[in-house]
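Colleague: I am new to this model. Please take me through the loops and the parts of the chain beside them, with a close look at the histidine that sits in a loop.

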Amino acid sequence: MSVYDKLKELNITLPPVSVPAAAYVPYVQTGNLVFLSGHIARKDGKPWAAQFGRDITTEEGKAAARAVAIDLMGTLHAASGGDLNRVKRIVKVMSLVNSTGDFTEQHLVTNGASELLGQVFGEKGVHARSAFGVAQIPMGACVEIELIAELA
């Protein structure tokens, strides 16, 4: 099954590449690797501002991370020349989770993105990962995720 068939089955429409909010580009390719800049969680088109351990639950966070993964796939679509079937492997995901000092479920929040990438890309979507709790993320967003992929 093609990546696009899977996206259609999951009722996912890829968004266009987001305009960077500062002095960086959405992605850079070197050799067969493409590095996607961090994408923040958005809700209703605005930064999804919240802090885990204070005003957002782990389950809500999984939904936020899943939404970030959809945005990342939109950028990856552009980075792959408009063909996600060129993705040979999702290599690495790094997740920053806006957390209080006593929140310890960053890995569960990040599962929202990891599980969706696995659903869409199958074995190619199984990746190495880091999930960090941080004191703050730009614009107060609850989650920011970056991704490295290998293209064929």
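Modeller: Helices and strands here are DSSP runs, at least four residues long for a helix and at least two for a strand, and they are numbered from the N terminus. Keep in mind that the model is predicted.

The setting comes before the detail. The chain has three helices and seven strands. From start to end, their order is α-β-β-β-β-α-β-α-β-β. The radius of gyration is 15 Å, close to the 15 Å that the globule rule gives for 152 residues, so the chain is as compact as a globular protein of that length. Measures along the principal axes put the span of the C-alpha trace at about 40 × 35 × 30 Å. Buried residues make up 42% of the 152. Among contacts between residues at least 6 apart in sequence, 81% join residues at least 24 apart. The accessible surface is about 7600 Å², and carbon and sulfur atoms account for 53% of that. As for charge, there are 14 positive and 15 negative side chains, with the centres of the two sets 4 Å apart.

Now to the histidine you asked for. His127 is in the loop between helix H3 (106–121) and strand E6 (128–134). Is His127 buried or exposed? The relative accessible area of His127 is 17%, and buried means under 20%, so His127 counts as buried. What does its side chain reach? One partner is the side chain of Ser114, joined to that of His127 by a polar contact of 2.8 Å. Another is the backbone oxygen of Gly125, which the His127 side chain reaches at 2.7 Å. Leaving aside neighbours within four places in sequence, His127 is in contact with Arg89, Ile90, Val91, Lys92, Val93, Ser114 and Leu117.

From that list, Ile90 is worth following. Ile90 belongs to strand E5, which covers residues 87–98. With a relative accessible area of 0%, Ile90 is buried. Beyond residues within four places in sequence, the contacts of Ile90 include Lys124, Gly125, Val126 and His127. Others on the list for Ile90 are Leu76, Leu117 and Phe121, along with Leu147, Ile148 and Ala149. Leu117 therefore appears in the contact lists of both His127 and Ile90. By contrast, the C-alpha atoms of Ile90 and Lys62 are 19 Å apart in space, with their places 28 residues apart in sequence.

The next stop is strand E6, where Val134 is found. Val134 touches Leu96, Val97, Asn98 and Ser99, not counting residues up to four places away in sequence. For Val134 and Leu96, 38 residues apart along the chain, the C-alpha separation is 6.3 Å.

After E6 comes another loop. Met139 lies in the loop between E6 and strand E7 (143–151). Most residues other than glycine have a negative phi. Met139 is not a glycine, yet its phi is positive, at about 60 degrees. Asn11 is likewise a non-glycine residue with a positive phi of about 60 degrees. The place of Asn11 is the loop between helix H1 (3–9) and strand E1 (27–30). Asn11 counts as exposed, at 69% relative accessibility.

One more loop leads into strand E5. Gly82 sits in the loop between helix H2 (58–79) and strand E5 (87–98). Gly82 is partly exposed, with a relative accessibility of 35%. Neighbours within four places in sequence aside, Gly82 is in contact with Tyr4 and His77.

To finish, compare a histidine placed in a strand. His39 lies in strand E2 (residues 33–40), whereas His127 lies in a loop. His39 is buried, at 8% relative accessible area. The side chain of His39 reaches the backbone oxygen of Ser37 at 2.7 Å; for His127, a backbone oxygen is also within reach of the side chain, that of Gly125. With residues up to four places away in sequence not counted, His39 touches Val68, Asp71, Leu72 and Thr75, and also Val143, Glu144 and Ile145.

How values were computed: Residues numbered from 1 in each chain as written. Predicted model: local features only at pLDDT ≥ 70, side-chain atom pairs only at ≥ 80, totals over all residues. Heavy atoms only, no water. Rg over C-alpha atoms; globule rule 2.2 N^0.38 Å. Buried < 20%, exposed > 50% of the residue type's maximum accessible area, 1.4 Å probe, protein only. Contact = heavy atoms within 4.5 Å. Areas by Shrake-Rupley, 256 points an atom, 1.4 Å probe, with all protein chains shown as cover. Lys, Arg positive; Asp, Glu negative; His and termini not counted. Charge placed at Lys NZ, Arg CZ, Asp CG, Glu CD. Polar contact = N/O pair within 3.5 Å; in protein donor to acceptor, adjacent residues only side chain to side chain.
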